[in-house]
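Visitor: Could you walk me through this one? I'd like to hear about its helices and its backbone.

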Amino acid sequence: MQGFLNAVTGIANESGFSGLLQNPGYLAMIGVACFLIYLAIAKQFEPLLLLPIAFGMLLANLPFGEIIHMELFIPPEGADPSLYPMFGEILHHGGLADMLYLGVKLGIYPPLIFLGLGTMTDFGPLISNPKSLLLGAAAQLGIFTTYIGAKWLGFTGPQAGAIGIIGGADGPTAIFVASKLAPELLGSIAVAAYCYMALVPIIQPPIMRALTTKKERMIVMEQLRTVSKLEKIMFPIICTIVVCLILPTAVPLVGMLMLGNLMKESGVVERINKTAGNELMNIITIFLGISVGCTTNAETFLNWNTIKIVVMGVVAFGFGTAGGVLLGKIMCWATHGKVNPLIGSAGVSAVPMAARVAQKVGQQENPQNFLLMHAMGPNVAGVIGSAVAAGILINMLK
């Protein structure tokens, strides 16, 4: 009988329930994970990545599961950072998520996501109206103002840069920068970035209305010119050369984005174009989401830094939207009312959601207003802009 009781006691002590009693933070994180799963399924908040991220969070906070060992990736204070990641330990003793997380840590997954995005992106509106590039650049204001704010709140320079990139409204870019500059904040930054990307239709309209007049919102813009196939083929080649010569650290993101677009526009590699935009991108999305979610355990997520990141994320989106709209107002004045300032809000790179928001707000004031294609120019410019901003931050702070 005593042996039976000892066996039962041993099983109970080694079960996850005892771990929950030892650290109630795990229970809180399981609740957060379930809430994010609810948002992904019921509210459809960026479900393609938020769902695997949330489930990875759930797995990482089930006690004694040992699905990931972040101590093998992040050097403790005073340790030699050149020794991390500890590849030997990871290969011999790592769990499932350790193997998957190598793709994040080594900067493999986000560029491959950009490759897939390139196959689905039409740069025609941007080529037709090159001034849109300025609006995409202005919307990156949120990144650099948030960087300054995060520094003021006590974050280190690299951590502030990783938090600021949330303002680019580009999840893969946020993950790429965080993995390079502040891997200890990766989970919090990824969750904040994708939640706020899903909230773009809620965050942006009040800012857009506050910064524009009814007359400006009613402006009907002239139809864009037709872009030739040669222009669409030359654009990714020229853009890659120019951007990557000026800022070599942007090569992984900009280069893959433009390669994907070139495959789409050339029309000669239909098979691999479909693979990059569908099967490959879907596989990488699963790997990326699970591995990032597994970094959000109770020890790294439940702290004041996470709350600060959530607050700074809102600030980043707000300033990014405001920067685009304000430059749109200047362009409206300079062109004597030919540019609707609302399209500047699409300069954040949440494609095509931000462009649709500009279209919706414009049509609420003038049902005959069709701003979608005009807003797509700044929107795709924002994708390039966020990748360039990422390169600048990595170059400055790494």
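## A walk along the backbone

Visitor: What span should helix α13 have at 1.5 Å a residue?

Guide: Helix α13 holds 13 residues, 186–198. The expected span is 1.5 Å times one less than the number of residues, and the end C-alpha atoms of α13 are 18 Å apart, which agrees with the expected 18 Å.

Visitor: Where do these values come from?

Guide: This is a predicted model, where local features need pLDDT of at least 70, side-chain atom pairs count only at pLDDT 80 or more, and totals for chains, interfaces and linings use all residues. Residues are numbered from 1 along each chain as its sequence is written, and side-chain values use heavy atoms, leaving out hydrogens and water.

Visitor: How many residues of α13 are buried?

Guide: Buried means under 20% relative accessible area, exposed over 50% and partly exposed in between (1.4 Å probe, protein chains only). Helix α13 is mostly covered, and its buried residues number 13 of 13.

Visitor: Which peptide bond is cis?

Guide: Most peptide bonds are trans. Here is one with omega near -10°, leading into P352, a residue in the loop between α20 (304–334) and α21 (353–365). The cis bond runs from V351 to P352.

Visitor: Is H336 buried or exposed?

Guide: H336 sits in the loop between α20 and α21, and has a positive phi near 60° without being a glycine. Its relative accessibility is 74%, so H336 counts as exposed.

Visitor: And is A169 buried or exposed?

Guide: A169, in the loop between α11 (157–164) and α12 (171–181), also has a positive phi, about 55°. With a relative accessible area of 1%, A169 is buried.

How values were computed. Helix = DSSP H or I, 4+ residues; strand = E, 2+ residues; numbered from the N terminus.
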